[in-house]
Amino acid sequence: MRQLVARALHPTLFLRDQLREWARRRQGTDQDPVTIHRRRTYILPTWLGIGFGLLIFAMLLASMNYNNSMGFALTFALAGLGLVTMHWCHQNMTGLVVRGIRLEPVFAGTQPVLEVSLENPSNTERYELVVACEAIEAAPIDLPPGDTQSVRVKLPARKRGHLRIYQVGVRTRFPFGLFRCWIWLHPNLTGIVYPAVSPRGAEPPADETEIEGANDANEGAEDFAGLRNFRAGDSPRRVAWKAMARGGGELLVKHFAGADVATRWLSWADTPEKDVEQRLSRLCRWVIDAHGRGQAYGLRLPGTEFTPAVGSRHRHRCLSALATFPETARRPTGGQQ
Amino acid sequence: MITLAIPERSTESRFEFVRLVWAAIALVTCMAPHLPRLPVWITLLTAACIGWRLAAALYGWRAPSRGLRIVLATAGFAGVIASYGTINGVEAGSALLIVMMDMKLLETWRRRDFQVLMFIAYFLILSQLLHGPELWSLPWMVLAVWVTTTSLLQAVRMAAPLPAATAGRLVARMLVFALPVMVALFILFPRVPGPFWAMPTRSGASTGLSEEMSPGAIARLSKSNKVAFRANFEGRIPPPAQRYWRGPVLHSFDGATWREPRPAPSHVDRLEPSGLPVQYRVTLEPHDRHWLLALDYPEFWTMYGAYRTNDYQLLSKRPVDQLTAYDVRSYPNAQTDRDLAPAIRILDLRLPADRNPATLALARTLRSAHETDHKLINAVLERFRQEPFVYTMQPPALRGSDPVDEFLFDTRRGFCEHYASAFTTLMRAAGIPARIVTGYQGGELNPLSNRLTVRQSDAHAWSEVWLEGEGWIRVDPTAAVAPDRIELSLADALPYGERVPGQFLRGLPGLQQLRQGWDAVDAAWNEWVLGYGPERQLELLRALGLKNPDWRGLAVILGIVVAVALALLTLWLAWRYRPPKPDPTQLLYLRFLGRLANAGVQRRPWEGPIDFAERASRDRPEDATAIDSITRSYVRLRYSEEGGQPELARLKRMILAYRP
């Protein structure tokens with residue numbers, strides 16, 4: 001709250017926030033992909049650019065004082081160069097395609113990474129493009145003609161919950177840093193921050209029950225059905241390390257076809273800790289471990305329940321539920337039975 | 001064994017080294033023309049600083065401590081003051097700038113330091129241009145700006161420096177587009193005349209006329225082949241005998257040396273223009289003094305703040321330390337002072353009584369022999385003509401305290417100043433107000449450009465006498481001794497064996513053409529570029545059809561021209577950054593997609609052609625066959641080696657036939 005007030009009272013920050021809000025209202029939410037139109041590129045001189053202007057002014061005064069034509073020629077050449085630079089900087093941005101803005105889910109305490117792909121659809125190379133989000137700048141990239149590159153911006157670590165990205169900026173100060181040209185993108189983008197993971201410790205109680213039909217929509221873990229390529233979210237237990245060693249480095253995963261899996265319930269009530277956050281962290285650990293072992297698991301939280309299943313989508317669902325769990329939950333005495 | 005191994009360096013320090021090399025190249029380029037003028041210690045200091053900095057980057061040395069830098073900077077500052085006596089003015093200023101640059105170089109480690117260094121380099125270019133705007137300085141300026149700007153580009157880059165060719169080409173392209181803006185600004189930017197604050201003039205002793213004249217002074221000056229000024233006539237060009245360019249007028253005489261009077265002559269004069277005027281434009285090389293050369297007698301001139309003195313000199317408000325152009329209208333037959341002001345009469349009759357006694361005696365004799373002033377003057381000139389006087393560039397030195405006596409009765413060999421001095425002394429002694437006028441006589445007419453080029457070797461001195469009822473009359477005693485000096489040139493008037501500088505070159509026929517061609521180029525450069533000022537600007541606007549051009553008109557035209565230039569740049573940039581032309585397969589497929597989109601099936605950004613075809617077939621089962629075969633044909637053309645021209649034709653047929 002105090003930070004908010006300080007921000008509102010700070011003249012430049014306040015002005016910048018107002019400008020951003022105005023740009024947001026003006027442009028609306030962006031669909032994917034965005035081709036940068038010249039109407040949404042903004043450009044202003046940098047401090048170096050203002051210094052360059054003063055340099056030209058000083059040269060103009062000197063040339064006038066000495067009434068020296070060559071001095072005028074140099075002054076005006078530099079002035080012309082400055083104007084050309086402004087257009088060049090603007091064009092370096094215009095026509096750029098920004099696509100695939102996404103946020104990978106992360107655990108609280110680690111840094112969320114914003115991923116943005118920049119595509120240069122032109123015949124000419126573009127230089128020094130910088131992606132920025134929440135005052136964090138990524139390393140600048142050069143884009144050869146027709147090339148697409150992905151840029152990762154490491155945002156500061158957060159508490160668990162939803163992570164809303166209001167604005168992503170792309171900037172350039174090419175060629176001489178005299179002008180800064182930038183765009184603001186307003187993607188409809190919400191990431192998620194899972195709770196922090198507890199260290200290994202208390203295991204969930206071993207009340208394993210057989211539940212029929214508890215399986216991933218696509219795959220079971222019963223009968224070996226062959227090998228397929230690794231996909232994000234696959235349990236490392238299923239990776240066919242031997243096959244990989246034979247097959248020349250490609251990550252292969254054992255593919256099973258089957259129905260019944262041993263399942264286990266991970267329940268809020270079973271956690272040894274009593275604090276809400278610590279309980280969530282513990283559950284988080286259990287979910288990860290169960291997923292890592294390739295087990296089917298269900299999650300019981302006060303008010304919600306996820307029936308046992310396997311797979312990365314299930315894992316994400318469970319962890320998201322933990323992430324968005326209300327901070328001040330009613331204390332259920334024995335969990336949900 | 002000791003080996004000088006270049007250590008392994010990190011990527012970042014390699015980048016820094018590249019940036020440094022660029023900065024060093026830029027600084028050396030900008031500094032090079034300053035070098036001949038600089039004291040040796042500054043050159044050595046600069047070389048040491050550049051060398052140390054490069055080695056520091058190579059071997060990872062640390063920056064010198066703050067204390068050492070302060071000591072060095074103070075020593076450098078003191079050195080500049082010791083060498084120049086000031087830090088003001090172009091020369092001392094450039095020296096100080098270079099010393100500052102050296103100091104900055106020692107502490108250049110961050111990106112911002114490099115930027116500051118490049119800004120200093122731009123100023124070095126400016127100070128060189130202020131010092132000497134010769135023709136070669138234009139290509140040098142372009143080169144220096146190009147190198148410095150490329151260096152700036154490398155300095156501000158956050159990632160790895162660009163390859164030299166890429167960076168150089170980029171900057172060259174930008175400069176090409178900056179050129180029209182520069183030309184427009186140069187021609188149209190309102191030029192405000194005059195200096196805003198007094199600046200000390202250049203300390204370098206430039207060749208030219210002087211405020212005083214002692215025997216041998218003009219002869220020394222005549223050895224220089226440098227251009228003094230050029231004149232471009234409108235209409236008639238006066239004959240050689242009328243080409244007397246008036247410079248400083250000398251009144252005070254101490255028996256050997258003639259000087260300008262102090263205080264300087266006032267503005268008040270009485271000139272009655274009569275006869276045919278001569279209209280011309282003078283492009284005067286800088287000589288660091290006040291006088292503006294003009295033909296006798298200037299009546300109108302276009303030069304801000306210039307004025308005419310009561311002895312008909314044209315003076316500028318501040319020393320002429322830049323190439324200066326001005327238009328003058330002169331009336332060669334104008335009537336000068338009908339009555340002589342008493343103060344001037346006293347000034348122009350004064351002679352030191354105890355010097356040159358033989359000359360004074362001769363004057364008294366002549367005075368009693370001739371009753372009119374005219375007869376007296378003719379008698380003196382006749383004496384120069386009849387007696388064995390020799391006109392020579394190498395007169396014997398006059399060492400005694402009575403140099404006029406020595407010349408008139410003993411050596412009888414002299415250059416124009418000897419004759420003018422002797423004649424004026426005789427006149428004054430005879431009671432006729434007289435004075436010495438120095439300036440230039442003659443000049444070489446370039447048939448290619450129709451311009452008169454006047455060199456230092458055309459420097460001359462003559463006399464002016466005041467006669468009752470006639471005013472001031474020019475008398476050139478040299479003409480009596482060596483008429484060819486006036487009618488032809490110095491070379492023609494000198495005795496056999498004496499040479500004027502450059503005379504040998506002038507004699508070669510082919511070289512003569514070449515020399516005059518170059519002279520014409522140089523003159524045009526002087527007149528149109530260096531001499532371009534407020535007057536020229538208004539002239540040009542009038543020629544463009546503007547009735548009453550003023551700065552508002554200039555601003556409007558300037559705005560339009562710059563806007564057009566930048567609009568062209570924008571168009572060119574948009575063309576350069578255009579997307580490549582899609583191949584025919586892609587174009588056909590896009591058309592197909594457009595038709596489907598019109599029918600309500602839009603391809604999503606993440607859908608590949610096959611996925612999209614599946615969905616489209618589901619949405620429009622009636623078109624499933626067509627969609628399927630088109631997609632398969634497209635995929636074959638685009639992603640496999642098969643296909644070729646017949647397949648493309650088939651795809652085209654199918655897509656043209658497909659109407660959902």
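User: Happy to dig in with you! How many residues does the contact take from chain A and from chain B?

Analyst: In this predicted model, the contact takes 41 residues from chain A and 49 residues from chain B. On the side of chain A that touches chain B, α3 (47–66) and α4 (69–93) each supply at least two residues. The largest share, 18 residues, comes from α4(A). By class, that side of chain A has 23 nonpolar, 15 polar and 3 charged residues.

User: Nice. What makes α6(A) roughly antiparallel to α7(A)?

Analyst: Good one! The axes of α6 (residues 276–293) and α7 (residues 312–323) of chain A come within 10 Å and cross at roughly 175 degrees. Angles over 145 count as roughly antiparallel, so α6(A) and α7(A) earn that description.

User: Which residues meet there?

Analyst: From α6(A) come Leu280(A), Leu283(A), Cys284(A), Val287(A) and His291(A), and they meet Arg315(A), Cys318(A), Leu319(A) and Leu322(A) of α7(A). That contact divides into 7 nonpolar, 1 polar and 1 charged.

User: Over in chain B, how do you know that the buried residues of α23(B) line one face of the helix?

Analyst: Let's look down the axis. Ile627(B), Ile630(B), Thr631(B), Ser633(B), Tyr634(B) and Leu637(B) are buried in α23(B). Their directions fall within an arc of 165 degrees, so they line one face. Thr625(B) and Tyr639(B), on the other side, are exposed.

User: And what do those buried residues pack against?

Analyst: The buried residues of α23(B) pack against α21 (584–598), α22 (609–619) and α24 (645–657) of chain B.

Definitions and conventions:
Residues numbered from 1 in each chain as written. Chains lettered and ligands numbered in written order. Predicted model: local features only at pLDDT ≥ 70, side-chain atom pairs only at ≥ 80, totals over all residues. Axes fitted to C-alpha atoms, helices over the stretch in contact; angles between N-to-C directions. Helix = DSSP H or I, 4+ residues; strand = E, 2+ residues; numbered from the N terminus. Parallel < 35°, antiparallel > 145°, perpendicular 65-115°, else oblique. Contact = placed C-beta atoms within 7 Å. Nonpolar A, V, L, I, M, F, W, Y, C, P; charged D, E, K, R; others polar. Buried ≥ 20, exposed ≤ 12 C-beta atoms within 10 Å, placed from the backbone. Arc of directions from axis to C-beta.
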